[in-house]
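Here is a short report on aromatic contacts in a protein chain. Look over the sequence and the structure first.

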Amino acid sequence: MHAFWVVKRALPVIAFIVFSFGVGYSVYELHNKGVNFKLDVMLVLVLFSGPLSMHMAVRRFQVIARLYGGRFHYLESLKVVVYGGLANMLPLPGGLMVRIGALQQRIGTQKSLYGNAIGVLVWISLGALSACVALFFETTLISPIPFLLFFVISIAAVFAFAVFTHAEMGAFLSLCGVQCILALTNILRLWLICVALGYLVAPAFPALVSLGEIVASSAGIVPGGMGLAETIAAVIAKVFDHSPVLGFAIAGTNRLINFFCFILGLAIMFFYRNK
């Protein structure tokens, strides 16, 4: 039991070290390769793609609440998303705890757990679907069939769970729509990061990196999947005959953009609080 506690406490520290070293090494290697950093593309990412993802994450939380009759105003939802994102950096499933705590006040403990479970399963299912669609254009590397089968089985299971727990079907369909937009936005953002670093890649690469981020984050092994998502991205880059440095760099940059969005969200909340 003591050994488990030590490992649990050490994992976030190890994850942060892996993330910091990996990003630093990636920057060093890309600089040595003479990569021309496109600042204009990065500005588009930070000023447009990041805030759009934040907005859709807020809408996603609102829809999850509606599954069981909960209602949240926009600023209330923004607070949950921002605090949840920042809490993911702690050595515990902070984001999940923040969402459950917020939903608990409106729809009760059981339904808050149901709503979060449906949200995570839809997130993973549509991530797999996005990867499947992208892989149809990359037939020589990885077959899209396993991803398609996983999507069909998982979305059928989560739909059955939603029906069994009497979730609102309109909200369920809205959640699927919002999650599709979030998935496509993240894939586009990862692709644009590659462009900003001077790499033109096939859509399947950022799609699989995005799915890897989902798996790393939802697994709950380390806070927010830090270090793990970037390592998965490095492995995927190798599969596509790119340098692992590229995979680590784009996933790390994506995480930093998300962090910027959380800071932006805090600023918006502070502004309206003092208005």
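## A buried ring pair

In this predicted model, F205 and F240 are both buried. Each therefore has a relative accessible area under 20%. The two rings form a tilted aromatic pair. Their centres are 5.7 Å apart, with 55 degrees between the planes.

The F205–F240 pair links distant parts of the chain. F205 belongs to helix 8 (residues 204-219). F240 sits in the loop between helix 9 (228-239) and helix 10 (244-273). The separation is 35 residues.

## A partly exposed pair

How many aromatic pairs are there by the ring-centre rule? The count is 5. One of them joins Y114 and F161, edge-to-face. The centre-to-centre distance is 5.4 Å, and the planes meet at 90 degrees. That angle is over 60, so the pair is classed as edge-to-face.

This contact also connects distant parts of the chain. Y114 is in helix 5 (residues 109-135), and F161 is in helix 6 (residues 145-164). They are 47 residues apart.

Why is Y114 classed as partly exposed? Because its relative accessible area is 24%, and the class runs from 20% to 50%. F161 counts as partly exposed too, because its relative accessibility is 27%.

## Cluster and charge contact

Y114 and F161 belong to a cluster with Y68, linked by ring pairs.

A charge contact involves another ring. R106 lies over the face of F72. The distance from the ring centre is 4.3 Å.

Conventions. Residues are numbered from 1 along each chain as its sequence is written. This is a predicted model: local features need pLDDT of at least 70, side-chain atom pairs count only at pLDDT 80 or more; totals for chains, interfaces and linings use all residues. Side-chain values use heavy atoms; hydrogens and water are left out. Rings of Phe, Tyr and Trp (its six-membered ring) pair if their centres lie within 6.5 Å; planes under 30 degrees apart count as stacked, over 60 as edge-to-face and the rest as tilted. Helices (H or I, at least four residues) and strands (E, at least two) are DSSP runs, numbered from the N terminus. Buried means under 20% relative accessible area, exposed over 50%, partly exposed in between (1.4 Å probe, protein chains only). A charge sits over a ring if NZ of Lys or CZ of Arg is within 6 Å of the ring centre and within 35 degrees of the ring normal.
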